[in-house]
Amino acid sequence: MATIAVAGKGGTGKTTICALAVRYLVNKGETPVLCVDADPNSNLGQTLGLEVGITVGSAREQGFSGNRELPSGMTKDDFVQYKVQEALAESEGFDLLTMGRPEGAGCYCFANNIIRRYMDELADDYRHVVMDNEAGLEHLSRRTTRKTDVLLVVSDAGIRGVGAARNVIDLAAEMELDVGEVLFVLNRAGEEARAALMPEIEKLELPLAAVLPDDPGLFELEVAGRSLLELDDDAPSVDAATPLFDKIFAT
Ligand SMILES: Nc1ncnc2c1ncn2[C@@H]1O[C@H](COP(=O)(O)OP(=O)(O)OP(=O)(O)O)[C@@H](O)[C@H]1O
Ligand SMILES: [Mg+2]
């Protein structure tokens with residue numbers, strides 16, 4: 001059982017790498033997988049070919065805005081659990097929970113605590129958990145109390161992205177996130193870019209675990225709004241990501 005999460009600057013490939021992880025696990029029969037989309041501008045569902053209707057955020061609003069009658073006999077606790085269950089989109093080998101809008105101005109901490117507790121319980125029913133995030137790290141500490149076994153910090157093939165990855169790793173350490181291992185993934189980089197960035201990666205002591213090439217086939221699926229689960233085994237991105245996932249999900 002492994003819980004993995006991604007972090008990194010905007011647009012570097014976090015959602016893509018989550019989808020590749022889900023594809024890997026489903027194809028290996030390492031199921032069921034719980035996917036959590038913790039990005040308020042959620043798009044993991046689309047990347048996995050799922051329609052997302054209700055989000056946990058909308059459930060929270062309905063349950064705790066105070067001007068809504070609870071169904072008779074239901075406590076707020078029951079109601080949130082029911083709504084979270086409703087927000088769970090089911091697919092072949094994996095389910096997706098979309099968090100939706102984050103806690104706004106009036107942070108209903110009570111509701112968030114319930115959601116957090118319930119998320120932890122929910123995760124126990126799955127073999128692996130894959131969590132997509134927005135660029136920030138806040139919710140990694142707030143959304144779940146469970147340990148993240150592997151935090152994948154993603155960068156695109158640029159010197160600024162690599163520097164941002166270092167900052168994310170330092171921030172995770174400062175926040176004392178419960179993370180087993182931090183791994184650095186360089187995304188959309190060919191041989192040349194990798195060679196050019198290597199001195200910086202070494203200087204910043206980034207734990208480089210994989211280099212994923214720019215994959216035109218992957219981008220085509222994305223543009224067409226199709227699921228990345230359709231990628232072939234010999235797609236360059238899949239091929240390059242496989243040893244990384246073998247390592248993470250072994251045992
Ligand atoms: N290895 C790759 N090859 C080709 N295209 C890629 C690759 N990785 C990511 N992309 C494309 O780059 C874009 C950004 O990727 P993605 O949405 O995964 O980034 P993100 O870090 O999740 O972004 P955000 O911070 O906005 O959530 C997408 O259009 C995606 O299809
Ligand atoms: Mg994303």
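This passage describes a pocket, a cavity, a set of paired strands and a kinked helix in a predicted model.

We can begin with the open space. The largest pocket of the predicted model has a volume of about 430 Å³. Its lining is made up of 24 residues, and those nearest the centre are Gly11, Thr12, Gly13, Lys14 and Thr16. Two helices, H1 (14-28) and H9 (216-223), each contribute at least two residues to this lining. Of these, H1 gives the largest share, with 4 residues. Sorted by class, the lining of the largest pocket comprises 12 polar, 7 charged and 5 nonpolar residues.

Enclosed space comes next. Rolling a probe the size of a water molecule over the atoms reveals where empty space remains. In this model, 2 cavities of 30 Å³ or more are found. The second largest cavity holds about 50 Å³ of space. Around the second largest cavity stand Asn43, Gln46, Thr47, Glu222, Gly225 and Arg226. No nonpolar residue takes part in this lining, which divides into 4 polar and 2 charged residues.

Turning to the strands, E6 (residues 148-155) is mostly covered, with 7 of its 8 residues buried. Strand E6 pairs with two others described here. With E1 (residues 2-8), E6 runs in the parallel sense, and the pairing extends over 5 bridges. Within this pairing, Val150 of E6 has Ile4 standing opposite. With E7 (residues 179-186), E6 is also parallel, and 7 bridges join the two strands. Here Val154 has Val185 in E7 as its bridge partner.

The last element to consider is helix H10, which covers residues 236-249. What span should its 14 residues have at 1.5 Å a residue, and how far apart are its end C-alpha atoms? The expected span is 20 Å because each residue adds 1.5 Å, and the end C-alpha atoms lie 20 Å apart, so the two values agree. Helix H10 nevertheless carries a kink of about 35 degrees at Thr242, shortly before the proline Pro243. As for burial, the buried residues of H10 are Ser237, Val238, Ala241, Leu244, Phe245, Ile248 and Phe249.

How values were computed
Residues are numbered from 1 along each chain as its sequence is written. Chains are lettered from A and ligands numbered from 1 in the order in which they are written. This is a predicted model: local features need pLDDT of at least 70, side-chain atom pairs count only at pLDDT 80 or more; totals for chains, interfaces and linings use all residues. Side-chain values use heavy atoms; hydrogens and water are left out. On a 1 Å grid over the protein atoms alone, a cavity is a set of points where a 1.4 Å probe fits but cannot get out, and a pocket is an open set with protein on both sides within 12 Å along at least five of seven lines; lining residues have an atom within 4 Å of a point. Grid points are joined across faces, edges and corners, and a volume is the space filled by probe spheres set on the points. Ala, Val, Leu, Ile, Met, Phe, Trp, Tyr, Cys and Pro count as nonpolar, Asp, Glu, Lys and Arg as charged, and the others, Gly among them, as polar. The expected span of a helix is 1.5 Å times one less than its number of residues. The bend at a residue is the angle between axes fitted to the seven residues ending there and the seven starting there. Buried means under 20% relative accessible area, exposed over 50%, partly exposed in between (1.4 Å probe, protein chains only). Two strands pair if DSSP finds at least two bridges between them.
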